[in-house]
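Thanks for coming, everyone. I would like to walk through the charged pairs in this model, so please take a moment with the sequence and the structure before I begin.

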Amino acid sequence: FNGDIADRGPNACEIFMLLFAFFIEDPDCLIITRGNHEDEEMNKLSSEEGGGFHEEVLQKYTGGIFMKFEAIYKMLPLAAIVQKELFVVHGGLARNSKSSLNTSFIRDIDAGIVSC
């Protein structure tokens, strides 16, 4: 999955949970890269502004669960290399200037690419 799972409409929580269940059952069965919607500031925007995931989580769960999603975002790779031939990266960075997922962030990381 190439990012933006948090931007899948009113059932993004359930989509994440399903993907997590697949991953727990077999960690090699899927890879999720981080998109611009896997970002705390982007999630806190309203759905009309391109966000909405924070609101969805709070309607269904608690702020503690949202914090768990934030922790998971930070573990997601920014890119994947498939069979040593294809470089896969999500096409967008957050438009929100407060977002931590920006070019400065990318320049400062040591890795963030997973091979599969």
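Glu 40 is partly exposed, with a relative accessible area of 30%, where buried means under 20% relative accessible area, exposed means over 50%, and partly exposed lies in between, computed with a 1.4 Å probe on protein chains only. I should say early that this is a predicted model, in which local features need pLDDT of at least 70 and side-chain atom pairs count only at pLDDT 80 or more, while totals for chains, interfaces and linings use all residues. Residues are numbered from 1 along each chain as its sequence is written, and side-chain values use heavy atoms, with hydrogens and water left out.

Which residue does Glu 40 form a salt bridge with? The partner is Lys 44, and the closest N and O atoms are 3.0 Å apart; by salt bridge I mean a side-chain nitrogen of Lys or Arg within 4 Å of a carboxyl oxygen of Asp or Glu. Because Glu 40 and Lys 44 are 4 residues apart in helix H2 (residues 40-44), about one helical turn separates them. Helices here are DSSP runs of H or I with at least four residues, strands are runs of E with at least two, and both are numbered from the N terminus. Lys 44, like its partner, is partly exposed, with a relative accessible area of 42%.

By this rule there are 3 salt bridges, and I turn now to Lys 60. Glu 14 pairs with Lys 60, with 2.8 Å between the closest N and O atoms. This pair links distant parts of the chain, since Glu 14 sits in helix H1 (residues 12-25) and Lys 60 in helix H3 (residues 53-60), 46 residues apart. Glu 14 is partly exposed at 35% relative accessibility, and Lys 60 is partly exposed at 31%.

Lys 60 also forms a salt bridge with Glu 56, the closest N and O atoms being 2.9 Å apart, and these two residues both lie in H3, 4 residues or about one turn of the helix apart. Glu 14, Glu 56 and Lys 60 are thus linked in a network of salt bridges.

Is Glu 56 buried or exposed? Glu 56 is buried, with a relative accessible area of 7%, and the buried residues of H3 are Phe 53, Glu 56 and Val 57. They cover an arc of only 95° around the axis, so they lie on the same side of H3, the arc being that of the directions from the helix axis to the C-beta atoms. What covers these buried residues includes H1, H2 and helix H4 (63-75), where contact means heavy atoms within 4.5 Å.
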